[in-house]
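Here are a few exercises on empty space and chain contacts, each with a worked solution. Grab your viewer and work through them in order.

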There are 2 protein chains.
Amino acid sequence: MPDFAEPLARLITEFKRLPGIGQKSAQRLAFHVLRASRDDAEHLAQAVLDVKDKLGLCSVCNNISESDLCLFCRDSTRDPKVVCVVEEPHNIVGIETTREYQGRYHVLHGALSPLDGIGPDRLKVQELLAQLQSSAAEEVILATNPTVEGEATALYLARLLKPFGLKLTRIAQGVPMGGDLEYADHVTLARAMAGRREI
Amino acid sequence: MPDFAEPLARLITEFKRLPGIGQKSAQRLAFHVLRASRDDAEHLAQAVLDVKDKLGLCSVCNNISESDLCLFCRDSTRDPKVVCVVEEPHNIVGIETTREYQGRYHVLHGALSPLDGIGPDRLKVQELLAQLQSSAAEEVILATNPTVEGEATALYLARLLKPFGLKLTRIAQGVPMGGDLEYADHVTLARAMAGRREI
């Protein structure tokens, strides 16, 4: 890219490595930083580094946290009797936006995927057992993704946790709100039929 | 945003300040940085700072440059007889993608906008005069934007440069390629009619 001075070309390349950012967006972002004040650029650069330097995992639930316990494990108003198991930290964000869940979380940091060599030992499964044993948990909600890997993980955890005598649940699968039956795939429709409820 | 640890929330806020990045995109970018290696994060942060620290303006044409002369002013294969005047450095990128222009540039860093208090003294107009006087320029292409401000700027420069006896041209205005006459506004259509050429 001989059209740009080297530092600008380098920033464009760096921005392009981010997900969902193509050449045009990267150029727009880079020119924005170029026009912004030195302070603004510094804040952005510092924030990028701080995320790597200041964040670790919660010692209980393995969520992203800047201290030993994450926001949810620290919060005494959250119900310790329910633990929602998710694949990634950002899945928590989605569940929190519903404002309907008041329990705790556990982050697996992945899903079982034998083809990629990801077995239970690569996930935070032992940590889940430890969390359940040391807490007052009565119900475990398996909220892994509705994908082959997520399903396999939920099934594996369901079998593993059976002996603990906990209530084990899986998030409902069916047609999404605002969708049209015409466009629902047959697996989703089959799950929606099988999971039907009386109204 | 109590769902995120502080450094993560701060990075999301910083990303959201960039153009075209909303809450969801900012979250995705921040989680990407979180998963990336410390090295990758450092490269991004350093690139952001370098753009502010290592770039200045070309002493001749005021394009963004890391040295005294920009890429185009240094390049002896570029025709010094033609100077293309643009509003912003990123306009050069657009013109370069055509691969049809082989002359030099001059960046005004804005356009006349009396309502915003931007007069000729806020633009690099004196620098343009200096560039033209010290170079072998024979033609000046006024490639400011086809907006009210860009038109006013082109008109102002045309009057200012008249006494220099240079050939003054303005980029053509008309219907864009791939467009449909049905959707062209009347000003564009009027310009397209007035600027018609024999084929």
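**Exercise 1.** How much space lies in the largest cavity?

*Solution.* Keep in mind that this is a predicted model. Start with the list: the structure holds four cavities of 30 Å³ or more. Then take the largest cavity, and you get about 90 Å³ of space.

**Exercise 2.** Which residues line the largest cavity, and how do they divide by class?

*Solution.* Go chain by chain. Chain A brings A:Asn63, A:Ile64, A:Cys70, A:Leu71, A:Pro89, A:Ile92 and A:Val93 to the lining. From chain B come B:Asp3, B:Phe4, B:Ala5, B:Leu8 and B:Phe31. Next, look at which element gives the most: that's helix H5 of chain A (residues 89-97), with three residues. Finally, sort by class, and the lining comes out as ten nonpolar, one polar and one charged. The charged one is B:Asp3 and the polar one is A:Asn63, going by how these residue types are classed.

**Exercise 3.** Now do the second largest cavity: what lines it, and which element gives the most to its lining?

*Solution.* Volume comes to about 60 Å³ here. On the chain A side you'll find A:Asp3, A:Phe4, A:Ala5, A:Leu8 and A:Phe31. The chain B side has B:Asn63, B:Ile64, B:Phe72, B:Pro89, B:Ile92 and B:Val93. H5(B) gives the most, with three residues. Sorted by class, the second largest cavity is lined by nine nonpolar residues, one polar and one charged.

**Exercise 4.** Turn to the contact between the chains. How many residues does the contact take from chain B and from chain A, and about how much area do the two bury between them?

*Solution.* Count residues first, using heavy atoms within 4.5 Å as the cut-off: 52 come from chain B and 52 from chain A. Then the area: about 5,000 Å² is buried between the two chains, with 69% of it on carbon and sulfur atoms.

Now for the polar part. There are six salt bridges between chain B and chain A. One to pull up on screen joins the side chains of B:Asp53 and A:Arg38, at 2.5 Å from N to O. Across the interface, twelve residue pairs are in polar contact, both residues at pLDDT 80 or more.

Last step: which elements are involved? On the side of chain B that touches chain A, at least two residues each come from helices H1 (6-16), H2 (23-35), H3 (38-53), H4 (71-74) and H5 (89-97), and from strand E2 (64-65). H3(B) gives the most, with 14 residues. By class, that side of chain B has 28 nonpolar, seven polar and 17 charged residues.

**Exercise 5.** On to the pockets. Which residues are the closest to the centre of the largest pocket, and which are the closest to the centre of the second largest?

*Solution.* The largest pocket has about 460 Å³ of space. Of its 16 lining residues, B:Ile95, B:Thr98, B:Ala143, B:Ile171 and B:Ala172 are the closest to the centre. Strand E3 (79-86) and H5 of chain B each give two or more residues to that lining, and H5(B) has the largest share with three. The classes are nine nonpolar, six polar and one charged.

The second largest pocket has about 370 Å³. Out of 14 lining residues, the closest to the centre are A:Ile171, A:Ala172, A:Gln173, A:Gly174 and A:Gly195. Its lining splits into six nonpolar, three polar and five charged residues.

Conventions
Residues are numbered from 1 along each chain as its sequence is written. Chains are lettered from A and ligands numbered from 1 in the order in which they are written. This is a predicted model: local features need pLDDT of at least 70, side-chain atom pairs count only at pLDDT 80 or more; totals for chains, interfaces and linings use all residues. Side-chain values use heavy atoms; hydrogens and water are left out. Buried area is the accessible area (1.4 Å probe) that two parts lose on being put together, summed over both. A salt bridge is a side-chain nitrogen of Lys or Arg within 4 Å of a carboxyl oxygen of Asp or Glu. A polar contact is a pair of N or O atoms within 3.5 Å; within protein, one must be able to donate a hydrogen and the other to accept it, and residues adjacent in sequence count only if both atoms are side-chain atoms. Helices (H or I, at least four residues) and strands (E, at least two) are DSSP runs, numbered from the N terminus. On a 1 Å grid over the protein atoms alone, a cavity is a set of points where a 1.4 Å probe fits but cannot get out, and a pocket is an open set with protein on both sides within 12 Å along at least five of seven lines; lining residues have an atom within 4 Å of a point. Grid points are joined across faces, edges and corners, and a volume is the space filled by probe spheres set on the points.
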